[in-house]
Amino acid sequence: MRNRDTLYRSDDEPIKPFEFNQRVAEVFPDMIERSVPGYPLTIAMLSVIADEYVQENSNIYDLGCSLGAAGVAIQQGLKDKKCKIIAIDSSKAMIEACDKNLPQDNQRNKIIFELGDVLKTKIENASVVVMNFTLQFIPVAQRQLLIDKIYHGLLPGGVLVLSEKIVFDDNVENSVMNKLHHHMKELNGYEQLEIANKRDALEKVLIPETLEEHQRRISNAGFLQSFVWLKCFNFSSLIAIK
Ligand code: GEK
């Protein structure tokens with residue numbers, strides 16, 4: 001049974017900056033599914049992307065893996081290809097909880113979970129690198145270096161899948177997309193107070209950027225092409241090809 005996310009329901013304590021701690025890890029699947037528009041589709045399509053782009057005997061990275069959902073979807077798309085899936089997260093609570101989230105059959109193309117900082121992790125011999133809603137938590141000043149490192153660790157023909165919360169230069173578009181996101185959360189059972197408390201906790205912790213900013217950074221790193229393959233309100237996913 002999945003634990004229900006009620007972490008921001010009470011107004012008793014002052015709101016602290018958001019952290020990926022034990023309490024968050026315990027409710028994470030419910031939290032992300034009810035909060036991120038298009039999350040189930042983002043995850044499901046990773047199997048298709050893996051089937052298309054994973055190269056034999058290469059590494060696949062899931063950077064900021066939380067409970068490992070992206071790695072598990074990729075594992076399902078591998079068929080008979082032999083490769084290594086490396087899933088990294090800097091939250092001890094998340095990495096410790098990953099084992100419980102693993103599929104029964106984790107033998108072939110086993111997912112290796114590592115506690116670590118994606119800014120320090122070595123990326124090598126990679127055919128697919130997934131950063132699903134992780135870059136938004138990395139200080140803006142360090143984002144280009146991280147994308148550059150990923151580019152250098154990818155094999156020719158390899159891909160980066162980058163999913164993020166986004167903002168828009170156009171104020172009207174921004175407010176429509178935010179309103180729809182907010183409304184989705186309400187329809188998914190979050191109360192107004194919870195939505196406001198969570199927004200306060202994430203301020204200065206989750207820094208979204210425009211799609212254009214992400215594409216500029218991807219292009220600066222050297223990627224030949226990048227495309228938006230999914231967009232749902234103020235969340236989007238890009239695929240960048242080396
Ligand atoms: C999913 N990808 O289910 N190094 C490693 N991990 C980090 C770092 C860092 N420097 N900074 C943040 N994280 C997942 C969802 S959640 C997105 C990813 C969200 C980790 C952090 O601990 C958390 O587990 C994850 O990035 C972001 O597809 O909750 O919105």
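Okay, radius of gyration to start: for 242 residues, a compact globule would come out near 18 Å, and this protein has 18 Å, so the two agree. Keep in mind that we're looking at a predicted model. If you'd rather think in boxes, the C-alpha atoms fill roughly 50 × 40 × 30 Å along the principal axes. And 49% of the 242 residues count as buried.

On to secondary structure. The protein has eight helices and seven strands. How are the strands ordered in the sheet? Reading across, you get β3-β2-β1-β4-β5-β7-β6, an open sheet with mixed pairing. The edges are β3, residues 111-115, and β6, residues 225-232; each of them has a single partner strand, so one side of each is left without a neighbour in the sheet. From one strand to the next, the twist averages 15°. As a quick reminder, strands in a sheet pair through backbone hydrogen bonds, and that can be parallel or antiparallel.

Let me zoom in on β1. Its neighbours in the strand order are β2 and β4. With β2, the pairing is parallel and runs over five bridges, and if you want a spot to click on, Tyr 61 has Ile 86 as its bridge partner in β2. On the other side, β1, residues 59-63, is joined to β4, residues 126-132, by four bridges, and those two strands run parallel as well. There, Asp 62 stands opposite Val 130 of β4.

So is β1 buried or exposed? Five of its five residues are buried, which means the strand is largely enclosed by the rest of the structure. Side chains in a regular strand alternate between the two faces of the sheet. In β1, Asn 59, Tyr 61 and Leu 63 point one way, while Ile 60 and Asp 62 point the other way, and all of them are buried. Yes, that list of buried residues includes Asp 62.

For contrast, go out to the edge strand. Lys 231 sits in β6, and at 39% relative accessibility this lysine counts as partly exposed. There's also a long-range pair here: the C-alpha atoms of Lys 231 and Glu 164 are 9.7 Å apart, with their positions 67 residues apart along the chain.

Right, electrostatics. Side chains of opposite charge can pair when their charged atoms come close. How many salt bridges turn up in a search of the whole structure? Eight. I'll walk through a few.

Take Lys 79 and Asp 51, whose closest N and O atoms are 3.0 Å apart. Lys 79 is in the loop between α3 (69-76) and β2 (84-89), and Asp 51 is in helix α2, so this salt bridge ties together parts that are 28 residues apart in sequence. Lys 79 is exposed, at 59% relative accessible area, whereas Asp 51 is partly exposed at 33%.

Next, a pair within a helix. Glu 96 and Lys 92 meet in a salt bridge at 3.1 Å, N to O. Both are in helix α4, residues 92-101, and because they are four residues apart, about one helical turn separates them. Lys 92 is exposed, with 52% relative accessible area, and Glu 96 is partly exposed at 47%.

Then helix α8, residues 211-221, where Glu 213 and Arg 216 are three residues apart, again about one helical turn. Their salt bridge has its closest N and O atoms 2.4 Å apart. Glu 213 counts as partly exposed at 26% relative accessibility, and Arg 216 as partly exposed at 40%. Besides that pair, salt bridges with shared partners join Arg 143, Glu 209 and Arg 217 into one network.

Last stop, the surface. Which residues make up the nonpolar patch? They are Leu 41, Met 45 and Val 48, and together they have about 240 Å² of accessible area. Leu 41 belongs to helix α2, residues 39-53, and at 43% relative accessibility Leu 41 counts as partly exposed. Helix α2 is also where we met Asp 51, the partner of Lys 79.

To pull it together: we have an open, mixed sheet of seven strands, an enclosed β1, eight salt bridges, and a nonpolar patch on the surface. That's it from me.

Key:
Residues are numbered from 1 along each chain as its sequence is written. This is a predicted model: local features need pLDDT of at least 70, side-chain atom pairs count only at pLDDT 80 or more; totals for chains, interfaces and linings use all residues. Side-chain values use heavy atoms; hydrogens and water are left out. Patches are made of residues with over 30% relative accessible area and no salt bridge: like charges are joined within 9 Å, nonpolar side chains (Val, Leu, Ile, Met, Phe, Trp, Tyr) within 5 Å. Accessible areas come from the Shrake-Rupley method with a 1.4 Å probe; for residues, only the protein chains shown count as cover. A salt bridge is a side-chain nitrogen of Lys or Arg within 4 Å of a carboxyl oxygen of Asp or Glu. Buried means under 20% relative accessible area, exposed over 50%, partly exposed in between (1.4 Å probe, protein chains only). Two strands pair if DSSP finds at least two bridges between them. Axes are lines fitted to C-alpha atoms, for helices over the stretch in contact, and angles run from 0 to 180 degrees between N-to-C directions. The radius of gyration is taken over C-alpha atoms; the globule rule is 2.2 Å times the number of residues to the power 0.38.
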